Structure formats: structure tokens, C-alpha cells
Amino acid sequence: MVKYRGIRKAKLIRGSRREEREESAKEENMAGEEQMEKLEIDENGNILDTVKDSDGGEQGAGTPSAREPEADAAAVGKLTPETGISRDFGVLKEALEEAVGLYSSFDVIFREMVFGGQKTGIFYYNGFAKDFVLTSILERLSYADQIHREERGLRDGPGGYGEPGEQENAEAKLDVIRLFDEALIPHIQVKKTDKLKEAIDNVAMGGTAFFFEGQKEAVLVDAKSFPVRTTQEPDLERVVRGSRDGFVETLLTNVTLVRRRIRDPKLKLEITQVGTRTQSDVCIAYIDDICDGQLVKDVKAKIKEVKVDGLPLAEKQLEEAIVSKRWNPYPMVRYSERPDVVAAHLLEGHVVLFVDTSPSVMILPATFFHHVQHAEEYRQTPAVGTYLRWVRFIGMAMSLFLLPLWFLIVTSPELKPAGLEFIGPQKVGKIPLLGQFLIAELGTDLMRMAAVHTPAPLAIAMGLVAGILIGDVAVKTGLFVNEVILYLSAAAIGTFATPSYELSLANRLARLGLLLAAAFFKVPGFVLASTFLIVYLALQRSYNSPYLWPFIPFNARALYGVMVRRPFMSMRHRMSLTKPQDGTRQPQS
């Protein structure tokens with residue numbers, strides 16, 4: 001009987017404890033509902049920091065009882081990489097207002113909502129936010145209330161946690177950050193951070209940050225959408241046959257086009273930021289077991305040494321920062337907007353640099369002969385490709401040496417070879433030959449720049465006016481000689497046939513220098529100027545690679561590959577210029 005009474009008494013005690021827990025849970029629910037009623041919402045749907053306390057007064061987030069002094073000092077002070085995230089939204093918004101112009105910049109948004117009883121702040125830039133992704137996340141977060149009730153039911157229901165101390169430990173185990181990160185945010189690119197600067201930088205790159213009041217961590221979601229055009233064939237690298245896709249201004253799209261062509265897991269795409277203000281994304285691409293490790297280290301070190309406020313002109317300013325060329329007009333790196341060309345160079349052991357907001361990709365190291373090859377040569381048979389290559393070589397030689405040689409022969413008749421006595425003007429114009437050449441050169445460049453800035457429908461009319469009317473009138477009035485127009489046109493065609501736009505501009509300046517040397521110093525001046533040009537180019541180096549390789553220093557096999565478009569299966573080895581770790585192109589299985 002005593003034993004039965006003891007058991008009955010224990011059951012009564014347990015029942016009373018369960019009733020107490022149920023009553024306390026009801027009180028918590030009522031308090032939570034009462035607190036929810038006290039939250040004030042502004043016209044934009046944000047929760048105001050000021051709530052009414054139990055005494056009828058107002059308690060702001062900025063009062064000493066509501067914020068942490070140490071977090072206040074850390075968040076509102078100067079933003080550093082070590083600045084933490086404040087638990088209090090009032091302090092956090094003040095820090096964001098000072099750092100990124102919250103409430104003063106119209107596209108900076110800090111949206112406050114409540115999910116599962118947890119006050120949440122959503123921080124993003126309006127133009128970068130991907131609407132349908134964030135909508136899906138918010139829809140998922142709307143289930144937080146249900147999950148919150150289920151968690152509470154597990155603790156308070158039958159078979160739940162027993163003693164009050166165990167219940168407190170269970171509530172301590174409820175990690176808000178972990179809950180939102182692993183269960184409530186349905187996205188594949190999510191990470192956590194406890195640094196405010198990292199969160200701001202992530203949002204500046206297009207992401208979204210989720211802050212939680214009372215927590216010192218934030219959840220970063222990479223849900224961004226950039227204004228981007230569709231991929232299309234580059235205007236400067238058109239081919240008759242081959243792929244029609246080209247790089248665009250979005251970095252992720254560009255690296256994806258290359259990754260699609262090279263599925264080797266050894267392809268490394270390392271990203272870094274350059275510029276204290278622009279924080280431009282720069283991607284360093286290379287194949288780990290092919291590219292020379294020292295070359296990769298040198299490129300990384302050069303980029304790390306760049307200390308500027310920004311790169312608004314993207315890859316061109318980065319080139320000038322990492323390549324010491326000063327006043328050298330010749331390009332030390334090669335640019336391309338074709339993914340297949342970039343993939344081919346990666347397989348040869350080159351390093352490729354992508355810069356966000358630019359469709360041009362930088363390839364290095366690059367020699368003079370890298371700029372004279374075109375993708376069209378490899379889209380045709382070896383015989384046709386070799387023929388096209390030699391035609392292009394002849395055009396480039398014409399663009400560089402035709403005008404100085406013609407001027408030299410005309411001004412020095414004793415230099416005319418036998419059978420070429422017809423070379424030279426039949427009558428002299430009113431303007432000296434040198435003046436005619438200089439005016440025609442400047443006129444050609446002027447027409448080229450006008451064509452760039454002229455709308456397409458008016459470009460044809462502009463060409464007719466400049467090419468036919470002005471040229472024809474200039475010849476008929478006796479200001480110019482017909483042969484000057486003829487040879488200048490042939491040199492201009494050779495310039496336009498040069499695959500590299502940067503090399504064509506450099507050759508144009510070199511042509512002017514050779515022309516002036518021939519005009520003032522005759523044969524000795526032309527010979528010395530030509531020699532100086534070759535020696536100058538031979539002394540240039542692109543990341544420790546000789547610029548005139550394989551001509552200087554001489555490499556017969558590599559030079560043969562430059563002069564002749566070899567069949568694909570005969571190219572068994574990679575070029576020695578890049579010092580590849582794996583030099584074979586046809587591995588034996």
C-alpha cells in the first residue's frame with residue numbers, strides 16, 4: 001500500500017510538472033503574440049526599431065538596454081576586414097549606412113522580416129538581385145513558423161525532454177544560423193560569415209546577405225543577376241567555318257565557355273580582386289600539370305603588387321600594370337575573344353587572364369608570331385591554311401615596307417631594278433611626295449576613327465564621301481599623285497589583314513618611322529631604321545620569353561610550325577617557349 005501511494009504520488013508530481021510546462025508554453029506563445037503586436041511596420045514593410053515596452057513607453061534599438069556597447073564600437077567605427085557583425089539591427093544599420101550608404105543610395109536595400117519568430121534582415125543591391133531565386137527562398141522561409149512549432153512540440157510533447165534543465169539545454173542547441181543555412185534556404189551557393197566587410201563585399205558582387213538579430217553571423221547567398229548580352233561571334237576574329245560564340249562582359253559566362261571545351265579537372269580557375277574601390281574580379285586560368293609553375297607564380301605576384309583604386313578599363317589597365325612596356329607600341333600579350341583560341345593556348349601551357357566586365361581575354365606569354373596567326377588557318381586543310389598564312393604574311397610585309405621602299409626608289413632612280421622603270425609618278429603633284437604620304441596616312445586614320453563613331457546606316461555614305469569624292473578631287477586638282485593613293489591603299493589592306501589589331505597599329509607607327517628615315521637619310525637611313533626595329537624587337541621579352549622567338553633565338557622546328565600550317569596529328573609536342581611540364585600532345589595509353 002505504501003509502495004502504491006509512492007508511485008501514485010510520483011505520477012501526480014510528473015503530471016503537475018507537465019501541466020506547468022504546458023502553461024509556460026502557453027504563456028510564451030501569448031508573450032510572443034503580444035510582442036508581435038508591438039512591432040511597428042513602416043510603409044515599405046520594414047520592422048521599425050522602436051517598440052512599446054510593458055510600461056507604455058518607447059524603447060529604441062539605440063537605447064543602452066537594447067544594444068551591445070562592444071558591438072556598437074566595432075560596427076559603427078571604421079570598417080576593417082576584422083569588423084564583426086552586431087547582434088543588434090540598429091547598430092548594424094548604422095554601420096551599413098556609413099559603409100555603403102544605406103537609405104541614401106536608392107538601390108541599397110535592407111528588408112526586415114520575421115520568420116519563425118526570428119527577426120531577419122535581407123541586405124542586397126536592387127539591380128543585382130535575382131528575383132525568382134529570392135522569391136523561392138522567401139517562400140521556403142515562410143515555413144519557418146511551422147518548423148519552429150515542431151521543434152517546440154518535440155520538447156514539450158509526450159516523450160519530449162524531461163526536466164526543465166534539459167529543456168534549457170535543448171533550446172541552447174537550437175542554432176538559428178545552422179537552421180537557416182541547412183534547412184530553410186534552398187540554394188546551392190551558400191556560406192556563412194561573421195565579418196561585416198566580407199558580407200558587404202559579397203553583396204557588392206551581386207550576392208544577398210541574411211542577417212539575424214541576436215546572432216553574430218550572416219548567411220551569404222550567391223543569387224545574382226548581371227545585365228549581360230548573348231554570346232556572339234567577335235567582330236575582329238570572324239571565321240568562315242567554326243564556332244560562333246564569343247566572350248561577353250560577364251566573367252562567369254566566359255570561364256564557362258572555356259570549361260565547356262576543356263573538361264580536364266587539372267584546369268584551374270583562381271580568382272582574385274584588384275582595386276581598392278572597384279574590386280574588379282580577375283581570374284587566372286591555367287592547366288596545372290602543363291603550365292610552368294614559375295610562370296603562374298610570377299603572374300600571381302605581379303597581380304598582387306598592383307595597388308590602384310580600380311580598373312574601370314578592365315584588361316587594358318591590368319596589362320599596363322603587370323607588363324612593363326612603357327612606350328613600346330608592340331603588344332606584349334595577346335588578346336582574344338574566342339573561347340576556342342583561348343582553349344588552344346591553355347593546352348600549349350599559357351596562362352590566361354579574365355577580367356570581369358571585359359570580353360577580351362589576355363594570353364601570356366606572347367611573341368611577335370603569336371599575333372600573326374588566325375583561327376581561320378586551322379579551320380581549313382593544311383595546304384589551304386599554309387596558303388592563307390603566306391598571303392597574310394605578304395600583306396603584313398606590304399603594310400610595313402611597301403611605302404618606304406617605293407618612296408626610296410622614286411627619289412633615288414638609280415635604285416630601280418631593270419624592267420621596273422615604270423615605277424614612279426609620271427607627273428609631280430603640287431604637294432611633295434612625303435607630304436602626300438603623311439596627309440594620306442593621317443586621312444586614312446581619320447576615316448578609320450570616323451567609321452568607328454559613325455552609325456552603321458551612315459558608314460557607307462561616309463566611305464563614299466571620303467574615299468571617292470575627296471580622293472578623286474584631290475587627284476584631279478593635282479594635289480595628289482595616283483600612285484600615292486594606289487600604294488597607300490595596298491598598305492592599308494595589308495594593315496587590315498593583320499590578325500592582331502594591336503600589332504597592326506604598332507606596324508603603322510613603324511611604317512611612319514621607316515618612311516621618315518628613308519625621306520631624310522635615303523638608303524642608309526632606311527637600313528639603319530630597319531635594323532634598329534629588328535634589334536629593338538629582339539631585345540623585348542614577354543614574361544621572360546624572347547619576343548622574336550623562334551626567329552631570335554633560332555629554333556628550326558618551331559619556326560617551321562610558324563611558317564607552315566602543319567597537319568594536326570603531326571603536332572606531337574608542345575612548344576618549348578612556355579616550358580610545359582607535360583610536353584607531349586599525344587600521350588601513350
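What covers the buried residues of α10? Let's find out with the structure open; keep in mind that this is a predicted model.

**Stop 1: helix α10**

Select residues 293-304, which make up helix α10. Place a distance between the C-alpha atoms at the two ends, and you should read 17 Å. That agrees with expectation, because twelve residues at 1.5 Å a residue should span 16 Å.

Now show the side chains of Leu295, Val296, Val299 and Ile303, the buried residues of α10. They sit on the same side of the helix, because the arc they cover around the axis is only 100°. Turn to the face pointing away from that buried side, and you will meet the exposed residues Lys297 and Lys304.

Back to the opening question: colour β8 (267-274), β9 (280-287), α11 (315-322), β11 (351-355) and β12 (361-364), which are among the elements covering the buried residues of α10.

**Stop 2: aromatic rings**

Next, look at the aromatic side chains. The whole structure holds 14 aromatic pairs. Start with Phe89 and Phe110, an edge-to-face pair with centres 5.6 Å apart and 80° between the planes. Phe89 belongs to helix α3 (residues 89-100) and Phe110 to strand β3 (residues 108-115), so this pair ties together parts that are 21 residues apart in sequence. How buried are the two partners? Phe89 has 0% relative accessibility and counts as buried; Phe110, at 4%, counts as buried too.

For another edge-to-face pair, select Phe368 and Phe369: their centres are 5.5 Å apart, with 85° between the planes. Phe368 has a relative accessibility of 16% and Phe369 one of 15%. The cut-off for buried is under 20%, so Phe368 counts as buried, and Phe369 is buried as well.

Before moving on, add Phe123, Tyr125, Phe128 and Phe211 to Phe89 and Phe110: together these residues form one aromatic cluster.

**Stop 3: Arg511**

Finally, go to helix α18 (residues 501-539) and pick out Arg511. Is this arginine buried or exposed? Arg511 is buried, with a relative accessible area of 3%.

Show what surrounds Arg511. Leaving aside residues up to four places away in sequence, it touches Ser399, Leu400, Leu403, Pro404, Glu441, Ala491 and Thr495. Two of these neighbours deserve a look. Leu400 is 111 residues from Arg511 in sequence, yet their C-alpha atoms are 5.1 Å apart in space. Thr495 is joined to Arg511 by a polar contact of 3.3 Å between the side chains.

Conventions. Residues are numbered from 1 along each chain as its sequence is written. This is a predicted model: local features need pLDDT of at least 70, side-chain atom pairs count only at pLDDT 80 or more; totals for chains, interfaces and linings use all residues. Side-chain values use heavy atoms; hydrogens and water are left out. Helices (H or I, at least four residues) and strands (E, at least two) are DSSP runs, numbered from the N terminus. The expected span of a helix is 1.5 Å times one less than its number of residues. Buried means under 20% relative accessible area, exposed over 50%, partly exposed in between (1.4 Å probe, protein chains only). The arc is that of the directions from the helix axis to the C-beta atoms. Contact means heavy atoms within 4.5 Å. Rings of Phe, Tyr and Trp (its six-membered ring) pair if their centres lie within 6.5 Å; planes under 30 degrees apart count as stacked, over 60 as edge-to-face and the rest as tilted. A polar contact is a pair of N or O atoms within 3.5 Å; within protein, one must be able to donate a hydrogen and the other to accept it, and residues adjacent in sequence count only if both atoms are side-chain atoms.
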